[in-house]
Number of protein chains: 2
Amino acid sequence: MKYPNGTKMIKSNYKDNFTSKQSFGNRGMTLEEDINATNNYYVETDRAIIHKKPTPVQIVNVNYPKRSAAVITEGYFKQASTTDYNGIYRNKYIDFEAKVTKNKTLFPLANIHEHQIKHMESITRHGGISFIVIRFALYNETYFLQGEKLFSYWNDKLKGGRKSIPYQAIKEEGFFIPFHYQARVNYLSIIDKLYF
Amino acid sequence: MKYPNGTKMIKSNYKDNFTSKQSFGNRGMTLEEDINATNNYYVETDRAIIHKKPTPVQIVNVNYPKRSAAVITEGYFKQASTTDYNGIYRNKYIDFEAKVTKNKTLFPLANIHEHQIKHMESITRHGGISFIVIRFALYNETYFLQGEKLFSYWNDKLKGGRKSIPYQAIKEEGFFIPFHYQARVNYLSIIDKLYF
């Protein structure tokens with residue numbers, strides 16, 4: 001997430017999307033926006049209660065102008081210590097991270113942090129469902145990869161193995177997430193198949 | 001959370017605590033700090049994976065100085081749409097809010113927002129454990145009140161009933177949360193008794 005000085009962050013989320021080939025139904029939406037729309041749909045239809053966690057910000061300075069809202073005038077982005085999304089579905093704790101790559105042939109493991117892997121491993125150990133959503137932007141394909149598969153590639157990397165997961169392996173070991181008009185990244189359809 | 005102009009937020013969390021009577025073991029810690037310390041202890045001992053969600057901030061302007069970290073130069077506090085804490089314990093989804101009152105005889109329901117109640121009701125309906133931690137600052141007593149009890153008071157209020165929960169009712173219908181040196185707000189001890 002890089003923004004030039006003075007850029008309004010809220011709108012600039014849209015900017016990257018029009019440059020890559022995307023299907024009509026998905027035009028102009030980032031993965032984050034797609035997942036947020038999906039989660040809103042799940043909440044509205046009472047299917048699951050899953051939300052994105054706010055971006056962690058270290059707040060250093062706050063001003064209180066008279067008769068208007070408090071303004072944060074100095075803050076810094078902090079590294080997330082967990083994953084971006086969590087919640088509950090069919091009595092199960094759900095926890096996942098979502099990443100986009102512009103790479104054509106692989107997903108670089110550098111996209112994930114060590115402490116996020118540790119967190120996801122803990123979730124699995126405690127009986128939750130932990131996974132990663134990976135979008136290959138150039139193909140506009142989105143995959144569901146179970147935590148266990150991710151941990152296995154991660155541990156290989158730690159032992160000096162490859163630093164990425166091949167696109168082909170994700171196609172084979174992961175699950176293509178279907179697009180649904182309202183549940184744009186309909187990941188619960190994969191969870192239904194895998195865990196229930 | 002009100003800070004005078006230019007105050008450093010990080011340190012000022014401490015300021016209120018030295019003014020109220022607190023036990024030696026708990027001296028100078030806010031409820032949030034106590035719960036964060038508790039959650040860290042639970043994670044370190046692998047007992048539960050529960051975290052506070054970051055404060056939601058609407059980021060409007062970001063500067064990228066050369067050779068240093070991005071600075072948020074304009075941001076606003078957003079109202080949280082869910083609760084502050086969630087995670088997993090013994091296969092169960094855990095979700096709660098924590099509030100302090102300086103009132104001696106009651107907990108004002110104005111401390112909670114309608115959408116937080118709706119969220120907590122959804123969690124309960126989907127099989128999660130939802131509750132509120134209430135600290136009476138003047139007594140330095142911290143209570144665990146199950147979601148169902150809170151909803152009942154909330155619904156009474158909507159029907160024109162009282163706008164608060166009496167301290168005495170919280171003592172009787174809730175559970176006193178014991179202080180533990182490392183798990184300072186040892187709420188899992190209550191969950192163990194109530195749900196397992």
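Tutor: Let's start with words: helices are DSSP runs of H or I with at least four residues, strands are runs of E with at least two, and both are numbered from the N terminus. B:Ser189, for one, has its place in helix H6 (residues 188-195) of chain B. This is a predicted model, where local features need pLDDT of at least 70, side-chain atom pairs count only at pLDDT 80 or more, and totals for chains, interfaces and linings use all residues. Residues are numbered from 1 along each chain as its sequence is written, chains are lettered from A and ligands numbered from 1 in the order in which they are written, and side-chain values use heavy atoms, leaving out hydrogens and water.

Student: Okay, why is B:Ser189 called buried?

Tutor: Buried means under 20% relative accessible area, exposed means over 50%, and partly exposed is in between (1.4 Å probe, protein chains only). B:Ser189 has a relative accessible area of 18%, so it counts as buried. Skipping its neighbours within four places in sequence, B:Ser189 is in contact (heavy atoms within 4.5 Å) with B:Arg47 and B:Pro178.

Student: And what makes B:Asp46 partly exposed?

Tutor: Its relative accessible area is 30%, so B:Asp46 falls in between the two cut-offs. B:Asp46 is in the loop between helix H2 (31-44) and E1 of chain B. Not counting residues up to four places away in sequence, B:Asp46 touches A:Arg125 and A:His126.

Student: Is the phi of B:Asp46 positive or negative?

Tutor: B:Asp46 has a positive phi of about 60 degrees, although it is not a glycine. Most residues other than glycine have a negative phi. B:Asn140 is another residue other than glycine with a positive phi, near 50 degrees. You'll find B:Asn140 in the loop between strand E7 (129-136) and strand E8 (141-146) of chain B. Its relative accessible area is 15%, so B:Asn140 is buried.

Student: How do you know whether A:Gly87 is buried or exposed?

Tutor: A:Gly87 has 0% relative accessibility, so it counts as buried. It lies in strand E4 (residues 85-89) of chain A. A:Gly87 and A:Ile50 are 37 residues apart in sequence, yet their C-alpha atoms are 4.0 Å apart in space. Beyond its neighbours within four places in sequence, the contacts of A:Gly87 include A:Ile49, A:Lys92 and B:Tyr93.

Student: Which kind of rotation axis relates the two copies, and how do you know?

Tutor: A rotation of 180 degrees with 0.0 Å of shift along its axis superposes chain A on chain B, with an RMSD of 0.0 Å (least squares on the C-alpha atoms of residues with pLDDT of at least 70 in both). The two copies are thus related as by a two-fold rotation axis.

Student: How do you know which surface the copies meet through?

Tutor: Of the interface residues of chain A, 100% are also interface residues in chain B, so the copies meet through the same surface.

Student: What makes a space in this structure a cavity, and how many of 30 Å³ or more are there?

Tutor: On a 1 Å grid over the protein atoms alone, a cavity is a set of points where a 1.4 Å probe fits but cannot get out. A search of the whole structure finds one cavity of 30 Å³ or more. The largest cavity holds about 40 Å³ of space (volume is what probe spheres set on the points fill, with points joined across faces, edges and corners).

Student: Which residues line the largest cavity?

Tutor: Lining residues have an atom within 4 Å of a point. Among them are A:Lys53, A:Tyr93, A:His119, B:Ile49 and B:Lys53. Strand E1 (residues 49-52) of chain B gives the largest share, three residues. The lining divides into two nonpolar, four polar and three charged residues (Ala, Val, Leu, Ile, Met, Phe, Trp, Tyr, Cys and Pro are nonpolar, Asp, Glu, Lys and Arg charged, the others, Gly among them, polar).

Student: Why is B:Lys53 called buried?

Tutor: B:Lys53 has 9% relative accessibility, which is under 20%, so it counts as buried. B:Lys53 is in the loop between E1 and strand E2 (57-63) of chain B. Apart from its neighbours within four places in sequence, its contacts include A:Lys53, A:Pro54 and B:Asn86.

Methods:
1 Å grid on protein atoms, 1.4 Å probe; cavity = no way out; pocket = protein on both sides within 12 Å on 5 of 7 lines; lining within 4 Å.
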